[in-house]
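User: I am a first-year student and would like a close look at a single part of this protein. Please keep the explanation plain.

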Amino acid sequence: MRSLLVIAAYAALGAAAAGLLGAFALRLLRHRSVALSLAVVAAVTVAAMLAGTLSVAWAMFLSEHDLGVVTTVYAIAAVVSLAVSLLLGRRVVAGSRALAEAARAFGDGEAFAAPVGAPTAELAGLGRELAATSARLAASRERERALEASRRELVAWISHDLRTPLAGLRAMAEALEDGIAADPARYHRQIRTEVDRLSGMVGDLFELSRIQAGVLALSPMRMSVYDLVDDAIAGAGLLAAEHGVRLVGDGVEPIPVEVDGREMTRVLANLLTNAIHRTPADGTVAVSARRDTPSGSVVLSVTDGCGGIPADDLPRVFDTGWRGTGARTPPAGAGLGLAIVRGIVEAHHGRAAVRNVPGGCRFEVVLPAAPG
C-alpha cells in the first residue's frame, strides 16, 4: 500500500508540474487564436501523462529499454493529439470567423443569418441567440417606422385642423377690432366655441403624449360598471338630444372592476361622442356591460347606427390620427379620441376592439374583473 501511495505521489507531482507550465502558457496565449490554445491543451495533457509516467519510471528504476518504449509511445500520442487539436482548432476558428462576419453585417443594419454547420454547440447556440435578437430588433424597427409615420401624419392633420379655426378666429377678431361686425355678441359666442374646440384638441394631444410616453398615472379603485355607464350616459345626454339620438343602457350588469374612474369615464365619453356623431337622427346608441363567462373579464360595449366601417379600415380604427372613410371622430376633431381610448384601456391591462354589426358597429372594451 505504501508503494502505491509513493507511485501516486510521484505521478501527481510530475503531472502537476506539466499542468502548471501549461496554465502559464495558456495565460500568455490568452489573446491568441483558439486553435493555438487547443494545441496547448492537447500538449499539456500528453505532457502531464508523460511527466507522471517518467517520474514513476525514475522512481521504480525501469530499464532504459522500457523507458524508451514508454517515451516513444507518448511522443507519437503527442504528435497525433497536436495534429487533431490543430484540425479541430481550425474548424472552430473558421466557425467563429463566419459568426463574426454575420454579426458584423448585423451591426451594419442587415438581417442576421446564422452560419450553417457551426463546429460547436456553443457557437450554434450563440448564432441562434443572435438570430432571435435580430428578429426582435427588426420588429422593433418596424414598430418605430410605423410610429414615426403615424407621428408625421398626426402633425400634418393637426396643422391643418389648427389652421382652420385660427384663421376664423383671426378674421372675427379683425372684424370686431374694425367695428364692422354686424352682431358682436354672435362673434363672441363663435370665438368662445372655437377656443373650446382648440382647447379640446390641445387636451387630447397632451393626454395622448402621456399615454405614449408611459407616464399616464392611474388611481384605480373598486367600483361598479353600472355606475360608470350611468355617469357616461348622463354626461352624453345633452349631445345626444342635440343630434336627436336615443341613448339606452342595454343589459348593464353591476359587475365590480378596479379602474381609474376619471380615465375610464373619458373612455366611455369618447366612444359615446363618436357614436352619437355618426348615428343618424332618430337612431339609437346602446351601451351594455356584461361578464365574459370563459375568461371572467368584463366587456363594455357601445353600439351605434353608423352603417358600418369598411373592412379594410377596421384594423386602423384605433391608430393615432386615423380618419378613414366615415371617420370615427367628430367634425374638425384631430382623430385622437379612439387612440386615447386604446391607450387608457391598455394601461388598465385591457384591450379595445371594434366589429361591424347589422346597421352599425360595436366598440368593445375588455377589462379584467376585480378580484373577488
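Which residues are buried in H8?

Analyst: This is a predicted model. In helix H8, the buried residues are Gly 337, Leu 338, Ala 339, Ile 340, Val 341, Gly 343, Ile 344 and Val 345. H8 covers residues 337–347, and eight of its eleven residues are buried, so the rest of the structure largely encloses this helix. For the protein as a whole, buried residues make up 33% of the 372 residues.

The next point is what encloses the helix. The buried residues of H8 pack against two helices, H5 (184–212) and H7 (261–278), and against two strands, S6 (351–357) and S7 (360–367). These belong to a protein with eight helices and seven strands. Among contacts with a separation of 6 or more, 70% are between residues 24 or more positions apart.

The end of H8 looks unlike its interior. His 349 follows the helix and sits in the loop between H8 and S6. His 349 counts as exposed, because its relative accessibility is 71% and the cut-off for exposed is over 50%. The phi of His 349 is also positive, near 65 degrees, in a residue other than glycine. Most residues other than glycine have a negative phi.

Asp 282 can be set beside His 349. Asp 282 lies in the loop between H7 and S4, and H7 is one of the elements that the buried residues of H8 pack against. The phi of Asp 282 is positive, near 70 degrees, and this residue is not a glycine either. With a relative accessible area of 62%, Asp 282 is exposed.

Helix H6 (residues 225–243) gives a second helix to read in the same way. Its buried residues are Val 225, Leu 228, Val 229, Ala 232, Ala 236 and Ala 240. Their cover includes H7, the helix that also packs against buried residues of H8. It further includes the strands S1, S2 (246–252), S3, S4 (284–291) and S5. At 1.5 Å a residue, the 19 residues of H6 should span 27 Å, and the end C-alpha atoms are 26 Å apart, which agrees. H6 nevertheless bends by about 45 degrees at Gly 237. At its N-terminal end, Ser 224 acts as a cap, with a side-chain oxygen 3.1 Å from the backbone nitrogen of Tyr 226. After H6 comes Gly 244, with a positive phi near 70 degrees.

Two of the strands that cover H6 are paired with each other. S1 (residues 221–224) and S3 run antiparallel and are joined by four bridges. In this pairing, Met 223 stands opposite Val 257 of S3. Val 257 and Val 259 form the covered face of S3 (residues 256–259), while Pro 256 and Glu 258 form the uncovered one.

Another strand covering H6 is S5 (residues 298–303), which contains Ser 301. Ser 301 is buried, because its relative accessible area is 6% and the cut-off for buried is under 20%. Its side chain makes a polar contact of 2.4 Å with the side chain of Ser 288. Beyond its neighbours within four places in sequence, Ser 301 touches Ala 286, Val 287, Ser 288, Arg 362, Phe 363 and Glu 364.

To return to the request: H8 has eight buried residues out of eleven, and the exposed residue His 349 comes after it.

Methods:
Residues numbered from 1 in each chain as written. Predicted model: local features only at pLDDT ≥ 70, side-chain atom pairs only at ≥ 80, totals over all residues. Heavy atoms only, no water. Buried < 20%, exposed > 50% of the residue type's maximum accessible area, 1.4 Å probe, protein only. Contact = heavy atoms within 4.5 Å. Pairing = 2+ DSSP bridges. Polar contact = N/O pair within 3.5 Å; in protein donor to acceptor, adjacent residues only side chain to side chain. Expected span 1.5 Å × (residues − 1). Bend = angle between axes of the 7 residues up to and from the residue.
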